[in-house]
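Please open the model in your viewer and keep the sequence panel beside it, since the tour below moves from one selection to the next.

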Amino acid sequence: MKNLITYIFVFVSIFSFAQEEENIKKLNKIKQTANNLIYNANDLVSEDDFVLAEMEYRKALSTQPTNTAGAYNLGHSYYKKGKFDEALYRNQQAVKNATNKTEKHRAYHNIGNILMQNKKCREAIDAYKNALRSDPTDDETRYNLAIAQKELKKQKDKEKKDNKD
């Protein structure tokens with residue numbers, strides 16, 4: 001009886017290991033497919049073919065929804081086209097799926113820029129602060145934060161003046 005239990009345990013262990021290895025291979029293939037689509041999309045963006053690039057980025061994100069580079073690059077492309085709502089959504093997606101501080105920093109920095117385009121200074125300040133938490137050495141983000149703070153002060157001063165009139 002002990003031998004039978006031992007054989008069953010060994011068989012289940014081998015089967016589980018083989019299945020896990022197969023899952024890892026599938027995940028790597030999915031990741032590689034998504035990365036290839038992003039690479040193609042980046043080429044299309046550099047050729048100024050936004051429509052096809054957007055399609056490739058979307059294919060990459062449907063293949064691997066947690067791909068930070070795909071969301072970030074698509075968001076950046078939207079930003080360059082002036083589609084700020086879509087850009088904001090994709091950068092928020094990039095933050096959510098970021099696996100390291102560099103990815104978070106870049107996405108938060110872009111979120112701050114998008115919010116500044118929409119005259120949402122208070123929210124932009126928060127985004128820039130989050131970017132600086134991930135990379136406190138970034139002078140460009142620090143500069144953008146200072147501009148956002150000055151703009152917020154101007155907005156508040158204007159509101160006070162308008163309320164007095």
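Does Tyr-78 count as buried or exposed? At 2% relative accessibility, Tyr-78 counts as buried, where buried means under 20% relative accessible area, exposed means over 50% and partly exposed lies in between, with a 1.4 Å probe and protein chains only. Before going on, note that this is a predicted model, in which local features need pLDDT of at least 70 and side-chain atom pairs count only at pLDDT 80 or more, while totals for chains, interfaces and linings use all residues. Residues are numbered from 1 along each chain as its sequence is written, and side-chain values use heavy atoms, with hydrogens and water left out.

Keep Tyr-78 selected and add Phe-50, which is buried with a relative accessible area of 12%. The two rings form an edge-to-face aromatic pair, 5.8 Å centre to centre with 65 degrees between the planes; rings of Phe, Tyr and Trp (its six-membered ring) pair if their centres lie within 6.5 Å, and planes under 30 degrees apart count as stacked, over 60 as edge-to-face and the rest as tilted. The pair links distant parts of the chain, with Phe-50 in helix α2 (residues 50-63) and Tyr-78 in helix α3, 28 residues apart. Helices here are DSSP runs (H or I, at least four residues), numbered from the N terminus.

Next select Ala-87, which lies in helix α4 and counts as buried at 0% relative accessibility. Not counting residues up to four places away in sequence, Ala-87 touches Gly-75, Tyr-78, Tyr-79 and Ile-114, contact meaning heavy atoms within 4.5 Å. If you measure from Ala-87 to Tyr-72, 15 residues apart in sequence, the C-alpha to C-alpha distance is 8.5 Å.

Now show α4 (residues 84-97) together with helix α5 (residues 101-117), whose axes come within 9 Å and cross at roughly 155 degrees; axes are lines fitted to C-alpha atoms, for helices over the stretch in contact, and angles run from 0 to 180 degrees between N-to-C directions. That makes α4 roughly antiparallel to α5, since angles over 145 degrees count as roughly antiparallel, under 35 as roughly parallel, 65 to 115 as roughly perpendicular and the rest as oblique. The residues making this contact include Phe-84, Ala-87 and Leu-88 of α4 and Ala-107, Tyr-108 and Ile-114 of α5.

Stay with α5 and bring in helix α6 (residues 121-134): the axes of α5 and α6 come within 8 Å and cross at roughly 165 degrees, and these two helices are therefore roughly antiparallel to each other. Among the residues to highlight in their contact are Lys-104, Tyr-108 and Met-116 of α5, with Cys-121, Ala-124 and Tyr-128 of α6.

Finally, return to α4 and select Asn-97, which counts as buried at 16% relative accessibility. Leaving aside neighbours within four places in sequence, Asn-97 is in contact with Pro-65, Thr-66, Thr-68 and Glu-103. Asn-97 and Ala-69 are 28 residues apart in sequence and 9.5 Å apart in space, C-alpha to C-alpha. From there, move to Thr-68, which lies in helix α3 (residues 68-80) and counts as buried at 8% relative accessibility. With neighbours within four places in sequence again left aside, Thr-68 is in contact with Ala-94, Asn-97, Ala-98 and Glu-103.
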